[in-house]
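User: I am new to reading structures, and I would like to understand what the descriptive words rest on. Could we go through some of them together, setting each value against its definition?

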Amino acid sequence: MFALMFQVCLMGKFEEHLKTINGFVVFLVFVWYCYDIVLEYRRNIMGYDLSYLVLVLPAVLFATWASYKVKSTFNKYQGLEASNGLTGAMAAMRVMSANGIGDIPVERVRGELTDHFDPTNRVVRLSDSVYGDRSVAAIGVACHEIGHVIQYKEHYPWIKLRNAIIPATNIGSKLSIPLIIIGLILGATSEKFIALAYAGVALYSLSTLFQLITLPVEFNASRRALQQIRTLGLLDSSEIKGAQKVLTAAALTYVAALATSLAYLLRFVLLVSSSRRRD
Ligand SMILES: [Zn+2]
């Protein structure tokens, strides 16, 4: 370049050639700028956004469908009254007494599909549409919650493990995302800070682990519920099929929760590892 400028000066056509050189430099900068935009665009589409499209979006759609499925299946079998005339609360009490559990009250709780067993206060809470309802769906859900009570009574290992990781999961769910964001921002200045983002990803993985351990717990509670319904004759054989469909639909929401958590975990891993590569 200097040799060319020297030659140009000698030839007395400095100004004219300077324009050409300037034009060339501007052109080079323009090409480099375009190339950078294309690279950035490709990285965003191929790395960051593609992981959203391929991983997170299907999981979110699956979760939305599972949520719709559980509501529609519950509504369908809520319309089918059980032949024995028991309410959800009555069925729950009957299963508990048949299993020698007499010290756990059954309470009514507000909301839709908010039924749960609270092991700390040792109380079963059934939602409005289950507690006093005489439907196949209500009996299925009520017996599922008693399935959890029996799990505690029999020291079912997966529910113990799930409870053991709850405190760590709670801390993880509060700290993971801020740590990932801070790690990525500071990681742009020094690679050392990427460790913070990895710590965030590790904390996030605890909630994925929690969702994974939830699966055997929920499937087992439903299996116990159907077993109790059959043994105690709470529903007839055609009604049991309805209760089974309600419980299977409910289990799908836990599978969807795991899929969503796993998708986000993989996305975070991709995000943090690709940021390291860029450094
Ligand atoms: Zn459950």
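User: Leaving aside its neighbours within four places in sequence, which residues is Ile 146 in contact with?

Analyst: Ile 146, which has its place in helix α5, is in contact with Ala 92, Val 95, Met 96, Val 124, Ala 225 and Gln 228. The word contact is used because the C-beta atoms of two residues, placed from the backbone, lie within 7 Å of each other. Please keep in mind that this is a predicted model, in which local features need pLDDT of at least 70 and side-chain atom pairs count only at pLDDT 80 or more, while totals for chains, interfaces and linings use all residues. Residues are numbered from 1 along each chain as its sequence is written.

User: Why is Ile 146 called buried or exposed?

Analyst: A residue is buried if 20 or more other C-beta atoms lie within 10 Å of its own, exposed if 12 or fewer, and partly exposed in between, with C-beta atoms placed from the backbone. Ile 146 has 26 C-beta neighbours inside 10 Å, and therefore it counts as buried. Over the whole chain of 279 residues, 33% count as buried.

User: What makes Ala 263 count as buried, and where is it found?

Analyst: Ala 263 is found in helix α8 (residues 237–278), and because it has 22 C-beta neighbours inside 10 Å, it counts as buried. Leaving aside its neighbours within four places in sequence, Ala 263 is in contact with Leu 55, Val 56 and Ala 59. Although Ala 263 and Val 60 are 203 residues apart in sequence, their C-alpha atoms are 9.1 Å apart in space.

User: What makes a stretch of the chain a helix or a strand, and how many of each are there?

Analyst: Helices (H or I, at least four residues) and strands (E, at least two) are DSSP runs, numbered from the N terminus. The chain has eight helices and three strands, and their order from the N terminus is α-α-α-β-β-β-α-α-α-α-α.

User: Why does the length of helix α7 agree with what a helix should span?

Analyst: The expected span is 1.5 Å times one less than the number of residues. For the 39 residues of α7 (residues 194–232) this gives 57 Å, and because the end C-alpha atoms are 58 Å apart, the two values agree. Just after α7 comes Gly 233, with a positive phi of about 65°.

User: What is the relation of α6 to α7, and why does it get its name?

Analyst: Two packed helices are described by the angle between their axes and the distance between the axes. Here the axes are lines fitted to C-alpha atoms, for helices over the stretch in contact, and angles run from 0 to 180 degrees between N-to-C directions. Helix α6 (residues 157–187) packs with α7 at an angle of about 150°, with the axes 6 Å apart. Angles under 35 degrees count as roughly parallel, over 145 as roughly antiparallel, 65 to 115 as roughly perpendicular and the rest as oblique, and therefore α6 and α7 are called roughly antiparallel.

User: Which term describes α5 and α7, and why?

Analyst: The axes of α5 and α7 cross at roughly 115° and come within 7 Å, and therefore these two helices are called roughly perpendicular. Among the residues that meet there are Ile 139 and Cys 143 in α5, and Asn 220 and Ala 221 in α7.

User: What is notable about the phi of Leu 113 and of His 155, and why are their exposure labels what they are?

Analyst: Most residues other than glycine have a negative phi, and most peptide bonds are trans. Leu 113, though not a glycine, has a positive phi of about 50°, and His 155, also not a glycine, has one of about 55°. Leu 113 lies in the loop between β1 (106–109) and β2 (116–118), and because 15 other C-beta atoms are within 10 Å, Leu 113 is partly exposed. His 155 is found in the loop between α5 (136–153) and α6, and because 8 other C-beta atoms are within 10 Å, His 155 is exposed.

User: Which elements do the buried residues of α3 pack against?

Analyst: The buried residues of helix α3 (residues 88–98), including Ala 92, Val 95 and Met 96, pack against β1, β3 (123–127), α4 (128–131), α5 and α7. After α3 comes Gly 100, with a positive phi near 70°.
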